[in-house]
Amino acid sequence: MSETSDIQPLQPLIVALRRLPGVGVKTAQRMAFHLMQRDQDGARALAQALVQTLDSVVHCQRCHTFSHQTMCPICSDAGRDAARLCVVETPADLAAMERTGAYRGYYFVLMGRISPMDGVGAADLGLSQLLARAQDGQVQEVILATSFTTEGEATAHMATELLKARGLQVTRLARGVPVGSELEYVDLGTIAHALVERR
């Protein structure tokens, strides 16, 4: 019996699992076989959680992160600093910023970054919504917390130009040597940026 005929009944599941980032054909096959052979209760729980999440989670109307309400808990919190607006690429980035406990302002989630290779341009990121949000009369500083990849830098540059043209103060997260690292093991680009942005 060929491998193709072995996996044919699981093919729709394998194809669906391959949509996850970092999951190739072999990994998707292993996941599918594991769920069907050893953890059918887990497979049902996963399916139910996906359906429930898809049916109940929406985008916050103010910052675009995922939420159960039209306004997420952060945007609903009147105790946060309305003068600061932090722009991140994804809800995962927002969650990472929140875990630091170092930022008490509001957020705007772009839901991506400029990536010509993936067909994502400035118009796909909701920059017009960002401009409207940043010009609400309360925001004094927009902090760009996009990634330091080529795409993240291009996104930050585009957002900076648009925001500064409207008279808004724009800052960017600093880059530098990670806390707890030994200098000899840090890549040269990080060392160079840390030297330029020393304080």
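Start by selecting Cys 60: this residue is buried, with a relative accessible area of 1% (buried means under 20% relative accessible area, exposed over 50%, partly exposed in between, using a 1.4 Å probe and protein chains only). You're looking at a predicted model, where local features need pLDDT of at least 70 and side-chain atom pairs count only at pLDDT 80 or more, while totals for chains, interfaces and linings use all residues. Residues are numbered from 1 along each chain as its sequence is written, and side-chain values use heavy atoms, with hydrogens and water left out.

Now add Cys 75. Its sulfur is the closest cysteine sulfur to that of Cys 60, but at 3.8 Å it is too far for a bond, because a disulfide is a pair of cysteine sulfur atoms within 2.5 Å. Click on Cys 72 as well: Cys 75 again has the nearest cysteine sulfur, 3.7 Å away, and Cys 72 is in no disulfide. Cys 72 is buried too, at 2% relative accessible area. The disulfide count comes to 0.

Next, select residues 91–100, helix α6 (helices are DSSP runs of H or I, at least four residues; strands are runs of E, at least two; both are numbered from the N terminus). Which residues of α6 are buried? Pro 91, Leu 94 and Met 97 are. They sit on the same side of α6, because they cover an arc of only 115 degrees around the axis, taken from the directions from the helix axis to the C-beta atoms. Swing round to the other side for Ala 92, Arg 99 and Thr 100, which are exposed.

Finish at Gly 101, which follows α6 and has a positive phi, near 70 degrees.
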